[in-house]
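Here are my notes on the model you sent round. Please read them with the coordinates open.

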Amino acid sequence: MTQTPAEIQLHDQIDPARLVALNTVLGIGGSRAHPFAHQAFFWDAQLADQLGRDGHPRVGGLIPDLGLPRRMWAGGRLEFHAELKPGVAATKMSVLERAERKTGRSGALAVVRLRHEIRQDRALVVTDWQDLIYREEASGQTASRPEAAPTDEVFCETRAFSTTELFRYSALTSNGHRIHYDRDYAQQVEGYPGLVVHGPLLAQYLMLMAERELGGFTTFSFRARAPVFDFEQVALCAKPGADGLEMWVRGPDGRLCMTASAQ
């Protein structure tokens, strides 16, 4: 029986130049570490023979092999305790909180939850819970009809995504998943109509909106509801909630693509 590690620690110097590169891709400029900027750090580089066919590191390490090949980022929850400091050594500790195989409406799936804790000068900066879904091979069956998105937003902005942006964001976040930059793989193997926009990239733009509207926030949660593709323009929407903002991403056909909240 192969033992999986209980936790993984990665270290990073939080290079200001990489922050500039990330902010340039996001169209905001500067070297400040905005919320979720830690996505561009703590790379876990693996040799080619340690990668799965989808470009991600093979399961069997921190994430156990549950026999399901298709990986999707389902959502997450974040607590921001302090702002990440450029040029200051940081440590990221990752632990597996949950790994459960079950049967859903579309067949077998696995639900995985990771908790990441980022520290600088021994102080906790960010706690990041990451929810992943693993599914069976694409079956060619028609997906269920997505839920309609709300239309009662108070703030809204539209955004389109170029293949260059998806590639650059993949590179900066060391995300090798081929659905984001390899159209043939996305269409022929995963069964998508185009390149898939990163769930974290959508969440990042919602966080930037929340930062502008609230002046800052300490908690953010998001849930992917339907994929967004590179040929689509979406609406990033928000309205005041009880303690902050209720947010969502609406597809060009009115479908609900992501829900989120910031406080």
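The points below go from the sheet to the helices and then to single residues.

1. Status. This is a predicted model. Please keep that in mind for every point that follows.

2. Sheet order. The sheet is open and has 10 strands, in the order E1-E3-E4-E5-E2-E7-E10-E9-E8-E6. Its pairing is antiparallel. E1 and E6 (155-160) are the edge strands; each has a single partner strand, so one side of each is left without a neighbour in the sheet. From one strand to the next, the twist averages 20 degrees.

3. E2 and its two partners. Strand E2 covers residues 70-80 and runs antiparallel to E5, residues 123-135, with 10 bridges between them. For a register check, take tryptophan 73: its bridge partner in E5 is leucine 132. E2 also pairs with E7, residues 219-224, again in the antiparallel sense, over 5 bridges. Here glycine 75 stands opposite arginine 223 of E7.

4. E3 and E4. Strand E3 (residues 90-104) and E4 are joined by 14 bridges, in the antiparallel sense. Alanine 90 faces glutamine 120 of E4 in this pairing.

5. Buried side of H1. Which residues of helix H1 (residues 16-26) are buried? They are Arg18, Leu19, Leu22, Asn23, Val25 and Leu26. These residues span an arc of only 155 degrees around the axis, which puts them on the same side of H1. An α-helix has 3.6 residues a turn, so residues three or four places apart point the same way. The cover over the buried residues of H1 includes strand E1 (7-12), helix H2 (163-172) and helix H4 (199-214).

6. Ends of H1. At the N-terminal end, aspartate 15 acts as the cap: one of its side-chain oxygens lies 3.0 Å from the backbone nitrogen of alanine 17. Glycine 27 follows H1 and has a positive phi, near 80 degrees.

7. H2 against H4. The two axes come within 11 Å and cross at roughly 95 degrees. That crossing makes H2 roughly perpendicular to H4. On the H2 side, Glu165, Leu166 and Tyr169 take part in the contact; Pro200, Leu201 and Tyr205 meet them from H4.

8. Isoleucine 14. This residue sits in the loop between E1 and H1. Its phi is positive, about 50 degrees, although isoleucine 14 is not a glycine. Is isoleucine 14 buried or exposed? It counts as buried, at 0% relative accessibility. I would look at the backbone here.

9. Aspartate 121 and arginine 122. Both belong to the loop between E4 and E5. Aspartate 121 is a non-glycine residue with a positive phi of about 50 degrees. It counts as exposed, at 56% relative accessibility. Arginine 122 is exposed too, with a relative accessible area of 83%. Where E4 (107-120) gives way to this loop, one longer-range pair can be noted: arginine 122 and threonine 91 are 31 residues apart in sequence and 8.6 Å apart in space, C-alpha to C-alpha.

10. Threonine 127. This residue is part of strand E5. Threonine 127 is buried, with a relative accessible area of 4%; the cut-off for buried is under 20%. Its side chain makes a polar contact of 2.9 Å with the side chain of histidine 81. Beyond neighbours within four places in sequence, threonine 127 is in contact with Arg77, Leu78, Glu79, His81, Arg115, His116 and Glu117.

11. Asparagine 175. Look for this one in the loop between H2 and helix H3 (183-188). Although in a loop, asparagine 175 counts as buried, at 14% relative accessibility. A polar atom of its side chain lies 3.0 Å from the backbone nitrogen of histidine 177. What does asparagine 175 touch, not counting residues up to four places away in sequence? The list is His56, Ser170, His180, Tyr181 and His198.

Note on methods
Residues numbered from 1 in each chain as written. Predicted model: local features only at pLDDT ≥ 70, side-chain atom pairs only at ≥ 80, totals over all residues. Heavy atoms only, no water. Buried < 20%, exposed > 50% of the residue type's maximum accessible area, 1.4 Å probe, protein only. Helix = DSSP H or I, 4+ residues; strand = E, 2+ residues; numbered from the N terminus. Arc of directions from axis to C-beta. Contact = heavy atoms within 4.5 Å. Polar contact = N/O pair within 3.5 Å; in protein donor to acceptor, adjacent residues only side chain to side chain. Pairing = 2+ DSSP bridges. Axes fitted to C-alpha atoms, helices over the stretch in contact; angles between N-to-C directions. Parallel < 35°, antiparallel > 145°, perpendicular 65-115°, else oblique.
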